[in-house]
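Trainee: Mind if we talk through this one together? I'd like to see how you read a model.

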Amino acid sequence: MKRVRVDSRAVSSVGYDSDMAVLELVFTSGEVYRYYAVPPSVHRGLLEAESIGRYFGEHIRGIYPERHER
């Protein structure tokens with residue numbers, strides 16, 4: 001999955017697979033999380049958000065099924 005670097009204190013890069021509706025976040029800690037059944041509008045909203053961390057907390061965390069990748 002191709003990732004783009006983002007300007008955030010919490011998230012270093014974001015990837016999205018539109019065919020599978022999977023959002024991948026790489027946190028500044030190096031941890032990688034995948035979120036499933038994420039619509040394209042949420043991915044766009046994350047990339048356009050003034051604060052990626054706040055958008056993540058309000059619109060993604062705890063809403064979409066997640067998996068911690070090692």
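**Helix α1 and its surroundings**

Mentor: Start with helix α1 (residues 40–48), whose buried residues are V42, H43, G45 and L46. Buried means under 20% relative accessible area, exposed over 50% and partly exposed in between, with a 1.4 Å probe and protein chains only. Keep in mind that this is a predicted model, where local features need pLDDT of at least 70, side-chain atom pairs count only at pLDDT 80 or more, and totals for chains, interfaces and linings use all residues. Residues are numbered from 1 along each chain as its sequence is written, and side-chain values use heavy atoms, with hydrogens and water left out.

Trainee: Why are the buried residues on the same side of α1?

Mentor: An α-helix has 3.6 residues a turn, so residues three or four places apart point the same way. The arc is that of the directions from the helix axis to the C-beta atoms. Here the buried residues share a side because they cover an arc of only 160°.

Trainee: Which elements are among those that cover the buried residues of α1?

Mentor: Helices (H or I, at least four residues) and strands (E, at least two) are DSSP runs, numbered from the N terminus. The cover includes β2 (11–17), β3 (22–27) and α2 (52–59).

Trainee: Which residues of α2 meet α1?

Mentor: Contact means heavy atoms within 4.5 Å. From α1, S41, V42, G45 and L46 take part, and their partners in α2 are I52, Y55, F56 and H59.

Trainee: How many of the residues in that contact are nonpolar, polar and charged?

Mentor: Ala, Val, Leu, Ile, Met, Phe, Trp, Tyr, Cys and Pro count as nonpolar, Asp, Glu, Lys and Arg as charged, and the others, Gly among them, as polar. By that split, the contact of α1 with α2 has no charged residues, three polar and five nonpolar.

**Loops and the whole chain**

Trainee: Where is A37, and is it buried or exposed?

Mentor: Most residues other than glycine have a negative phi, and most peptide bonds are trans. A37 has a positive phi of about 65° although it is not a glycine. Its place is the loop between β4 (32–36) and α1, and at 53% relative accessibility A37 counts as exposed.

Trainee: In what order do the elements of the protein chain run?

Mentor: The protein chain has two helices and five strands. From the N terminus on, the order is β-β-β-β-α-α-β.
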